[in-house]
Amino acid sequence: MWKKIIAGGPGRTTRLHDHRGKTVSIGRLVRNGPRALISCLSRVAYNKFPNRPWISYDGQKILERHLHKESRVLEFGSGSSTAWYADRCGFLLSHEHSSEWFDMVGNIVGDRKNVVRKLCLTREEYLQIPDNYRSKPFDLIMIDGKYRDACLDASLEFLSEDGILYLDNSDKSLGDETGDIPAARRKILDYATKNGKRVTTITDFAPSQLFVSEAMILFNK
């Protein structure tokens, strides 16, 4: 019980450490820690969920600066993020494996015309990008659902020349739900090294989560 209180779950030393042992910076602790605490208390006390992606607060700022009304977004794993991206881009293709979650997100997204949502009940469907959406590259590829290493393999070739690929929870290990995240991490680093691209990692708080995790961001510029 004490370990859970201090660490927020297995795999961390404390709530201020990600799964790779990195600690959140003082700046992010001061800037984003209170926001995470407030949103977490709101979720627990009032069942109120934030209307924004459950990813790093500072990562959200990067994506908000990057996206514009002509941007094309590919999202693996839908949620509050889906409507948030849709409000900031020209086109969004979203893959989701859970029918229950798919229906719930549908209520959030509503009748936004720039969103195509796919319910993917098999691994093959989840990884397959339909032919009619392959002609133009994606300016943001968000990998935040199942089979994350396979999602990277299936989508990296469709990243635009100045696009961003965002691997959420890049500090985690292999899992039945998330796939081989360490493999995805290595592939991103290998790609960046071979092609002279920039990669950054962010250890940070996210909405409604009172612990930190890491995100890996590839800038394809």
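Colleague: Where does Ser 208 lie?

Modeller: Ser 208 sits in the loop between β6 (198-206) and β7 (209-219), where helices (H or I, at least four residues) and strands (E, at least two) are DSSP runs numbered from the N terminus. This is a predicted model, in which local features need pLDDT of at least 70 and side-chain atom pairs count only at pLDDT 80 or more, while totals for chains, interfaces and linings use all residues. Residues are numbered from 1 along each chain as its sequence is written, and side-chain values use heavy atoms, with hydrogens and water left out.

Colleague: What is the phi of Ser 208, about?

Modeller: Phi is positive there, about 65°, although Ser 208 is not a glycine. As background, most residues other than glycine have a negative phi.

Colleague: And is Ser 208 buried or exposed?

Modeller: Ser 208 counts as buried, at 2% relative accessibility; buried means under 20% relative accessible area, exposed means over 50%, and partly exposed is in between, with a 1.4 Å probe and protein chains only.

Colleague: Which residue in the loop between β5 and α8 should I look at for another positive phi?

Modeller: Look at Asn 169, which is placed in the loop between β5 and α8 and has a phi near 55°. Asn 169 also counts as buried, at 13% relative accessibility.

Colleague: Changing topic, how many disulfides does the structure hold?

Modeller: The structure holds zero disulfides, a disulfide being a pair of cysteine sulfur atoms within 2.5 Å.

Colleague: Why is there no bond for Cys 89 or Cys 120?

Modeller: For Cys 89, the closest cysteine sulfur is the one in Cys 120, and at 18 Å that is too far for a bond. For Cys 120, the closest cysteine sulfur belongs to Cys 151, at 9.4 Å, which is also too far for a bond. Cys 89 is buried, with a relative accessible area of 3%, and Cys 120 is buried too, with 2%.

Colleague: Cys 151 is in α7, so how many residues of that helix are buried?

Modeller: Seven of the eight residues of α7 (residues 148-155) are buried, so the helix is mostly covered, and Cys 151 and Leu 152 are among them. What covers these buried residues includes β1 (72-76), α6 (123-127), β4 (138-143), β5 (159-167) and α8 (181-195).

Colleague: How many residues does the largest nonpolar core have?

Modeller: The largest nonpolar core has 27 residues, and those with the most contacts inside it are Ile 141, Ile 143 and Leu 165; such a core is a set of buried Ala, Val, Leu, Ile, Met, Phe, Trp, Tyr and Cys residues joined through side-chain atoms within 4.5 Å. The largest share of this core, four residues, comes from α7.

Colleague: What is Leu 165 in contact with?

Modeller: Leaving aside neighbours within four places in sequence, Leu 165 is in contact with residues including Ile 141, Ile 143, Leu 152 and Ile 188, where contact means heavy atoms within 4.5 Å. A second, separate core has 21 residues, including Val 73, Trp 84 and Cys 89.

Colleague: Last one, where is Ser 71 placed?

Modeller: Ser 71 is in the loop between α3 (57-66) and β1, and it is buried, with a relative accessible area of 1%. Beyond its neighbours within four places in sequence, Ser 71 is in contact with His 66, Cys 89, Gly 90, Phe 91 and Asp 139. A polar atom of the Ser 71 side chain also lies 2.9 Å from the backbone nitrogen of His 68.

Conventions: Polar contact = N/O pair within 3.5 Å; in protein donor to acceptor, adjacent residues only side chain to side chain.
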